[in-house]
Amino acid sequence: MAERGFFITLEGGEGCGKTTQVPVVAEFFRKRGFEVVCTREPGGTKLAEQIRAVLLTKDPDEDLCDKSELLLMYAARAQLVETLIKPHLAQGKVVISDRFDLSTIAYQGAGRGIPLAEIAALRQVAIGDFAPDLTLLFDVPVATGMARMRARGHADRIEQAGPEFFARIYHGFMDYAQSHPEQVAIIDATGDIAQVSALVEQTLTQRLKL
Ligand code: T5A
C-alpha cells in the first residue's frame with residue numbers, strides 16, 4: 001500500500017490571497033512527482049457544497065444563528081474528510097485545502113465568540129484527531145484584505161460583517177499560529193502575487209524537505 005500523502009491547508013482572513021496561491025502549492029508537489037487533489041472549505045464534495053450554500057447565502061427571511069453556523073461547518077468538514085481527504089491521502093496523494101479547521105477557530109471562535117473548548121468538543125466528534133501536516137497562514141493587515149475584497153466586488157453572508165469582527169479573526173489566526181509554530185507557517189502576504197508565490201515555495205522547501 002502507498003505511503004500516506006501530505007495534507008496541506010491554506011488559511012487567512014478575507015482577501016489574504018490564499019486562493020490565488022493554491023496553484024503554486026499544487027505545482028510545487030507536482031514537480032516533485034506527487035498526484036495532487038485541491039479542495040476547499042466549506043464544501044469540496046457534492047453534499048458539502050450544499051452545506052456551503054446554506055452557510056454563505058444570506059436568507060432574506062431568517063438569520064443563521066452562530067451555533068448553527070458552527071455545526072454546519074463541522075458537518076461539511078466531516079463529510080469532506082471521510083469521503084475525499086482521507087481516501088486520497090491513503091493513496092499517497094497530496095491534498096490541498098483552501099481553508100480547514102483553523103478557520104473555525106478564527107471565525108467561529110475568535111470572531112463569533114464561541115468558546116474554544118466547545119469547538120474542540122465538536123471537532124473531536126466530527127474529525128477526531130485528524131489534522132493537516134502543514135498549514136500556510138497568509139498574513140495581511142485586515143485593511144489590506146478588505147480593500148482587495150472591495151476591489152473584487154461581491155461579498156457573501158460572512159464577508160458582510162463589520163471590521164471589528166475581522167480584527168478579532170485576524171488575532172484568532174495569529175494567536176493560534178504563534179502558539180503552534182510547528183504546525184503553522186506564517187507567510188507575509190502583503191507583497192504582490194509573485195512575491196507571495198516565492199515565499200510559499202521557500203516555506204514549503206524549508207518545512208517539508210522534499
Ligand atoms: N469560514 C470558513 C468560516 O467562517 N469558518 C470555517 O470553518 C470555514 C472553513 C468562505 C467563508 O467561510 C468562512 C470564511 C469565509 O468568509 P470563500 O468564498 O471561500 O468563503 O472566501 P475565502 O475563503 O475568504 O476566499 P477568497 O477566495 O474569497 O479570498 P482569498 O483566498 O482571501 O483571496 P484571493 O486569493 O481570492 O484574492 C482576493 C483578491 O485579491 C487579489 C486577487 O486577485 C483577488 O482579486 N490578490 C492580490 N492582490 C494584491 N496582492 C496580492 N498578493 C494578491 N493576492 C490576491
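So, helix H1 passes helix H8 in a right-handed crossing. Please keep in mind that this is a predicted model. H1 covers residues 18-31, and H8 runs over residues 193-208. Their axes are 10 Å apart and the packing angle is about 40 degrees, so the two helices count as oblique to each other.

Which residues of H1 meet H8? They are Thr20, Gln21, Val24, Val25, Phe28 and Phe29. On the H8 side, the partners include Ile193, Val196, Val200, Leu204 and Leu208, along with Ser197, Glu201 and Thr205.

Let's stay with Phe28 and Phe29 for a moment. Ring pairs link these two with Phe6 and Phe34 into a cluster. Phe28 also has a charge for company: the charged end of Arg32 sits over its ring, 3.7 Å from the centre.

Now, on to Phe6 and Phe34. Their rings form an edge-to-face pair, with 5.8 Å centre to centre and 75 degrees between the planes. What does this pair tie together? Phe6 lies in the segment before strand E1, and Phe34 in the loop between H1 and strand E2, so the pair joins parts that are 28 residues apart in sequence. And are these two buried or exposed? Phe6 is partly exposed at 22% relative accessibility, and Phe34 is partly exposed too, with a relative accessible area of 22%.

Stepping back to the whole structure, there are 10 aromatic pairs. One more charge over a ring before I hand over: the charged end of Arg77 sits over the ring of Phe100, 5.3 Å from its centre. Thanks, everyone!

Technical notes
Residues numbered from 1 in each chain as written. Predicted model: local features only at pLDDT ≥ 70, side-chain atom pairs only at ≥ 80, totals over all residues. Heavy atoms only, no water. Phe/Tyr/Trp six-rings, centres within 6.5 Å; stacked < 30°, edge-to-face > 60°. Helix = DSSP H or I, 4+ residues; strand = E, 2+ residues; numbered from the N terminus. Buried < 20%, exposed > 50% of the residue type's maximum accessible area, 1.4 Å probe, protein only. Lys NZ or Arg CZ within 6 Å of the ring centre and 35° of its normal. Axes fitted to C-alpha atoms, helices over the stretch in contact; angles between N-to-C directions. Parallel < 35°, antiparallel > 145°, perpendicular 65-115°, else oblique. Left-handed = near helix turned anticlockwise from the far one by under 90°. Contact = heavy atoms within 4.5 Å.
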